[in-house]
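Q: Please take a close look at one spot on the surface of this model. Then lead me from there to the buried rings and the unusual backbone angles.

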Amino acid sequence: MKPLTKAEEQVMQQVWKLSSAYLKDIVESYPAPRPHTNTVATLVKILVDKGYIGVEAMGRVHRYFPLVSKETYSTSSIKSLVDAYFEGSFSEAVSCMLQQTHLREQVAALAVKGAEQILRKEVNASVHADLLSRLKTEL
């Protein structure tokens with residue numbers, strides 16, 4: 001999966017939120033001050049070329065929709081971060097975060113949120129199980 005720039009990620013956040021949208025809808029979904037339509041159009045084209053966004057031509061307008069889910073992208077981004085900075089060790093990443101006093105509460109909140117998502121079945125159970133088993137073996 002090709003990495004995204006911050007601007008590309010911002011467009012993807014809007015597309016994920018809307019699930020299906022025209023360029024005008026994407027631009028209008030941004031908080032003020034909104035980026036220029038041409039800027040968003042350029043970023044959308046890049047995301048189409050990278051395979052993150054699909055496009056359906058409807059006459060002279062195009063409807064855009066995500067091809068990569070937010071969950072898939074998030075998982076890939078976290079894995080890349082752990083691989084790059086913690087030699088692939090999730091336990092080292094968590095340990096590092098827990099050493100930062102101000103992050104302990106955030107890590108605890110994320111753990112609770114993750115558990116709640118699992119209970120509501122909002123998280124891919126097999127991906128979560130794989131991450132947990134790797135974490136257990138590293139601990």
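**From a surface spot to the rings and the backbone**

A: Start at Val61, which sits in strand E3, residues 61–66. Keep in mind that this is a predicted model. Val61 has a relative accessible area of 44%. Buried means under 20% and exposed means over 50%, so a value in between is called partly exposed. Val61 therefore counts as partly exposed.

Val61 has partners here. Together with Tyr22 and Met58, Val61 makes a nonpolar surface patch of about 240 Å². A patch takes residues with over 30% relative accessible area. Val61, at 44%, meets that condition.

Now look across to Lys24. Lys24 is in helix H2, which covers residues 23–29. In sequence, Lys24 and Val61 are 37 residues apart. In space, their C-alpha atoms are 10.0 Å apart. The relative accessibility of Lys24 is 57%, so Lys24 counts as exposed.

Next, turn to the buried rings. The structure holds 2 aromatic pairs. One joins Trp16 and Tyr73, with ring centres 5.9 Å apart. Their planes meet at 40°. Stacked needs under 30 degrees and edge-to-face needs over 60, so an angle from the rest of the range is called tilted. The Trp16 and Tyr73 pair is therefore tilted. This pair links distant parts of the chain. Trp16 belongs to helix H1 (residues 6–18), Tyr73 belongs to helix H4 (residues 70–86), and their positions lie 57 residues apart in the count. Trp16 has 15% relative accessibility, so Trp16 counts as buried. Tyr73 has 9%, so Tyr73 counts as buried too.

Tyr73 also pairs with Tyr52. Their ring centres are 5.9 Å apart, and their planes stand at 75°, so this pair is edge-to-face. Again, distant parts of the chain are linked. Tyr52 is in the loop between helix H3 (37–50) and strand E2 (53–58), 21 residues from Tyr73 in helix H4. At 1% relative accessibility, Tyr52 counts as buried. Put the ring pairs together: they link Trp16, Tyr52 and Tyr73 into a cluster.

Last, check the backbone. Most residues other than glycine have a negative phi, and most peptide bonds are trans. Some places here break that pattern. Ala32 and Pro33 are joined by a cis peptide bond, with omega about -5°. Pro33 is in the loop between H2 and H3.

Ser19 is not a glycine, yet its phi is positive, about 65°. Ser19 is in the loop between H1 and strand E1 (21–22). With a relative accessible area of 45%, Ser19 is partly exposed.

Glu87 has a positive phi as well, near 50°, and Glu87 is a residue other than glycine. Find Glu87 in the loop between H4 and helix H5 (90–99). Its relative accessibility is 80%, so Glu87 counts as exposed.

Technical notes. Residues are numbered from 1 along each chain as its sequence is written. This is a predicted model: local features need pLDDT of at least 70, side-chain atom pairs count only at pLDDT 80 or more; totals for chains, interfaces and linings use all residues. Side-chain values use heavy atoms; hydrogens and water are left out. Rings of Phe, Tyr and Trp (its six-membered ring) pair if their centres lie within 6.5 Å; planes under 30 degrees apart count as stacked, over 60 as edge-to-face and the rest as tilted. Helices (H or I, at least four residues) and strands (E, at least two) are DSSP runs, numbered from the N terminus. Buried means under 20% relative accessible area, exposed over 50%, partly exposed in between (1.4 Å probe, protein chains only). Patches are made of residues with over 30% relative accessible area and no salt bridge: like charges are joined within 9 Å, nonpolar side chains (Val, Leu, Ile, Met, Phe, Trp, Tyr) within 5 Å. Accessible areas come from the Shrake-Rupley method with a 1.4 Å probe; for residues, only the protein chains shown count as cover. A salt bridge is a side-chain nitrogen of Lys or Arg within 4 Å of a carboxyl oxygen of Asp or Glu.
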